[in-house]
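Hello,

Here is the structure I promised to pass on to you. Have a look at it first, and then read on for what turned up.

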Amino acid sequence: MEVVDVIARRSTCLRKKVGAVIVVDRRIISHGYNGVVSGAEHCIDTGRCLKDLAGREDYKPCVHAEQNAICLCAKRGLAVGGGTMYVNADICLTCAKLIVSCALSRVVVRRDYRGTDEGIEFLRRHGVQVDLWE
């Protein structure tokens, strides 16, 4: 989880610093942090949250740390099936769907208690082992 915290410090989000690490066969194969897509203007560049600037609650330019870690594997052609994801924040439903779809078998979460249990419940319902990091 210390590695996750280091990765999270790279986040370009002004609201929350989230990091994720994917491990397969006891080796880190990917990592991600939350921020906008590559090449786009980041919140830290503007000094204001891009979601707030848009003035729309449904506008969410940020790619979550979990999504970035999974996408990095896709770019590199790395399979994550059977692997473990470590993340330092609650899992949203969208990320939970991606985790199930790419066949990660375990998620270790240090909860930040800002979200709901919806993502964690979804993971468990679909056979993903969820361990809470205290």
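Let me start with a question: which element gives the largest share of the lining of the second largest pocket? Please keep in mind that this is a predicted model.

The answer is α4, with 4 residues. Besides α4, β2 also gives two or more residues to the lining of the second largest pocket. That pocket has a volume of about 340 Å³. Its lining is made up of 15 residues, and Y33, V36, S38, N68 and K75 are the ones that lie nearest its centre. Sorted by class, the lining has 8 polar residues, 6 nonpolar ones and 1 charged one.

Next, the largest pocket. Its volume is about 760 Å³. Here 29 residues form the lining, with K16, K51, K60, H64 and C92 nearest the centre. Two or more residues each come from α3 (50-54), α4 (65-76), α5 (93-101) and α6 (118-125). In this lining 13 residues are nonpolar, 9 are charged and 7 are polar. As general background, rolling a probe the size of a water molecule over the atoms shows where empty space is left.

You may also want to look at Y33 again, this time as part of a strand pair. Strand β1 (residues 19-24) and strand β2 (residues 27-33) run antiparallel and are joined by 6 bridges. In this pairing, Y33 in β2 stands opposite G19. The hairpin of β1 and β2 has 2 residues between the strands, and D25 takes a positive phi near 50° there.

Finally, a few words on α5, which we met in the lining of the largest pocket. Which residues of α5 are buried? They are C95, A96 and I99. Seen down the axis of α5, these buried residues fall within an arc of 105°, so they line one face of the helix. The general rule behind such a pattern is that an α-helix has 3.6 residues a turn, so residues three or four places apart point the same way. As for their partners, the buried residues of α5 pack against two helices, α4 and α6, and two strands, β3 (84-87) and β4 (106-109). Just after α5 comes A103, which takes a positive phi of about 70°.

If you want a place to begin, try α4: this helix helps to line the largest pocket, gives 4 residues to the lining of the second largest one, and packs against the buried residues of α5.

Enjoy exploring, and best wishes

Notes: Residues are numbered from 1 along each chain as its sequence is written. This is a predicted model: local features need pLDDT of at least 70, side-chain atom pairs count only at pLDDT 80 or more; totals for chains, interfaces and linings use all residues. Side-chain values use heavy atoms; hydrogens and water are left out. Two strands pair if DSSP finds at least two bridges between them. On a 1 Å grid over the protein atoms alone, a cavity is a set of points where a 1.4 Å probe fits but cannot get out, and a pocket is an open set with protein on both sides within 12 Å along at least five of seven lines; lining residues have an atom within 4 Å of a point. Grid points are joined across faces, edges and corners, and a volume is the space filled by probe spheres set on the points. Ala, Val, Leu, Ile, Met, Phe, Trp, Tyr, Cys and Pro count as nonpolar, Asp, Glu, Lys and Arg as charged, and the others, Gly among them, as polar. Buried means under 20% relative accessible area, exposed over 50%, partly exposed in between (1.4 Å probe, protein chains only). The arc is that of the directions from the helix axis to the C-beta atoms. Contact means heavy atoms within 4.5 Å.
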